[in-house]
Amino acid sequence: MELKERIAAQLPEWRERVRKLIKESGDVKVGEVTISQVYGGMRDVKGLVTDISFVDPNEGIRFRMHTIPEVLEKLPKPPGASMPYVGGLYYLLLIGKFPTEEQALGVEAEWKKRSEIPPFVFDVLRAMPQDAHPMMLFSSAILALQHGSVFARRYHEGMKKDEYWEPMLEDSLNLTAKLPTLAGFIYCLKYRGCGIIEPRPDLDWGANFAYMLGNPSPEYMDLSRLYMIIHSDHESGNASAHATHLAASTLSDIYYAFSAGLNSLAGPLHGLANQESLAWLLDVYQKFGKVPSKEALRQYAWDTLNAGHVIPGYGHAVLRKPDPRFTAQYEFAEKHMPDDPLFQIVKLVFEVVPQVLIEQGKAKNPSPNVDSISGTLQYHYGIKEFDFYTLMFGVGRSLGVTANAVWARALGQPIERPKSLTTAMLEALAAKG
Ligand code: AMX
């Protein structure tokens, strides 16, 4: 398999690079940690390493140091499509170089080969209550897939440490290959009362996702490809990536680890914000019965803040400018659905809310993040079930966290175990100045 060969070819150099850095410069300080950071969710503490993506506070995400516009331009696209193969993005994340069309198709072919889901996984999902949240269904199904973990089997057979990354790659391909079908099944089961939809062999991974949600229009296929690409990775400190990494650092396999990541994506301050953001926009639309005036929206935003709520889809722990993932979706909407009333509200919110948040003076970043618009696009294309949106985020996020897990294992990253202190110890440090 090409992916395996290309990673194997890079490994000796990477291992030597990391070994040398630790040996020669292991004592060099990366930063210092303050008491506010200890109490403040470790914001800005530099304690993780990944070469797969980087979030610049002003420019946003870079995949292998390439911006979203560059990635969308340079990755190969299916004939007639305006958005690239998601398989090409996965190649870029794993290998660090833009793939040729053949190489992108190679990843797509690996996924097609591995897409079949064992029937008992569907049974597990069918046994769940009808009102179960799709994220619970999704995370449970991923855990059930652990039954087929190649890593777990080979670990018990006694494979060598140097080889750990190989079954991690196998498992990662096996897992990501199944996600469009799994997501499609959960959607169908929960909202349409239907059963398994087989993937179409003529469609790529991103397009199959659109097809399985019941909208095989070329436009929605393009949106699905875009959605998966922009949600794939956001360096290592965000909750879903970090939870996946932490779980995998114990040598758990990718199924256990990704399920942990999904469970943290399910929170309203992280992946659930897209659902909350659309609900907020729809509330605006329902209250005014049309796109409101700027002044009316301004008051509505203040009412939300004064009621003690956050404005979902705004703010970010690292970013300090509008999120380029917001911009990419905004441009898509401008092109394909400029007259959609909800998109008109998104535009108005973008004009009004940053100023309101600045006046409130709390949020460090008053700009929109990825979640302030993603639900609006899905709603426009007929995916109206809000609580499904976080699951979609999770499908995209699988690409980044699995690529990271493969490399973390290839470079022998150890079990994560930061140190904690007591409040009395911090008070003693504070007293010393
Ligand atoms: N509306 C109102 N208040 C906000 C706000 C917003 N959109 N964003 C931040 N604030 C407030 C915080 O609640 C905090 O208030 P506090 O001091 O009373 O606790 C204060 O501003 C400082 O917060 P911050 O340092 O700017 O942000 P953070 O790093 O603590 O949190 C985030 C970041 C994303 C959780 C926060 O901006 C937020 O809650 N946004 C709304 C929810 C959202 O959009 N989440 C999705 C993020 C992207 C993702 O992961 N999918």
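**Figure 1. Helix α11 in close-up, from a predicted model.** Helix α11 holds 13 residues, and its first and last C-alpha atoms are 19 Å apart, close to the 18 Å expected at 1.5 Å a residue. Most of this helix is covered, with 11 of its 13 residues buried. If you would like to pick them out, the buried residues of α11 are Tyr220, Met221, Asp222, Leu223, Ser224, Arg225, Leu226, Tyr227, Met228, Ile229 and Ile230. One of them, Met228, returns in the next view as a residue that leucine 399 touches.

**Figure 2. Leucine 399 and its contacts.** Leucine 399 belongs to helix α19. Its relative accessible area is 0%, so leucine 399 is buried. Leaving aside residues up to four places away in sequence, leucine 399 touches Val86, Leu89, Tyr90, Leu93, Trp111, Thr176, Trp205, Met228 and Ser232. Take a moment to find tyrosine 90 here: 309 residues separate leucine 399 from tyrosine 90 in sequence, while their C-alpha atoms are 6.4 Å apart in space.

**Figure 3. Helix α16 and what covers it.** Helix α16 runs through residues 324–336. At 1.5 Å a residue its 13 residues should span 18 Å, and the end C-alpha atoms are indeed 18 Å apart, so the two values agree. Which residues of α16 are buried? They are Pro324, Arg325, Phe326, Ala328, Gln329, Tyr330, Phe332 and Ala333. The cover over these buried residues includes strand β2 (60–63) and the helices α3 (68–74), α11 (218–230), α17 (341–360), α18 (371–380) and α19 (389–410). The helices of the two views above, α11 and α19, are thus both among the elements that cover the buried residues of α16.

**Figure 4. The ligand and the residues around it.** There are 20 residues around the ligand, and those that come nearest are His270, Gly313, Tyr314, Lys364 and Asp371. The shell divides into 11 nonpolar, five polar and four charged residues. For the polar contacts, start with isoleucine 311, where a polar backbone atom is 2.9 Å from a nitrogen atom of the ligand. Lysine 362 places a polar side-chain atom 2.9 Å from an oxygen atom of the ligand. Asparagine 369 also has a polar side-chain atom by a ligand oxygen, at 3.0 Å. On its own the ligand has 890 Å² of accessible area, and the protein covers 75% of this.

**Figure 5. Serine 115 in a loop.** Serine 115 sits in the loop between α5 (101–113) and α6 (119–126). Is this loop residue buried or exposed? With a relative accessibility of 16%, serine 115 counts as buried, because the cut-off for buried is under 20%. A polar atom of its side chain lies 3.2 Å from the backbone oxygen of lysine 112. Not counting residues up to four places away in sequence, serine 115 touches Ala177, Lys178, Thr181 and Pro199.

**Figure 6. Methionine 42 and aspartate 44, with positive phi.** Methionine 42 is found in the loop between α2 (35–39) and β1 (53–56), and aspartate 44 is in the loop between α2 and β1 as well. Phi of methionine 42 is positive, near 60°, in a residue other than glycine. Aspartate 44 is not a glycine either, yet its phi is positive at about 70°. How do they stand in accessibility? Methionine 42 counts as partly exposed at 48% relative accessibility, whereas aspartate 44, at 55%, counts as exposed.

Notes. Residues numbered from 1 in each chain as written. Predicted model: local features only at pLDDT ≥ 70, side-chain atom pairs only at ≥ 80, totals over all residues. Heavy atoms only, no water. Helix = DSSP H or I, 4+ residues; strand = E, 2+ residues; numbered from the N terminus. Expected span 1.5 Å × (residues − 1). Buried < 20%, exposed > 50% of the residue type's maximum accessible area, 1.4 Å probe, protein only. Contact = heavy atoms within 4.5 Å. Near = heavy atom within 4 Å. Polar contact = N/O pair within 3.5 Å; in protein donor to acceptor, adjacent residues only side chain to side chain. Areas by Shrake-Rupley, 256 points an atom, 1.4 Å probe, with all protein chains shown as cover. Nonpolar A, V, L, I, M, F, W, Y, C, P; charged D, E, K, R; others polar.
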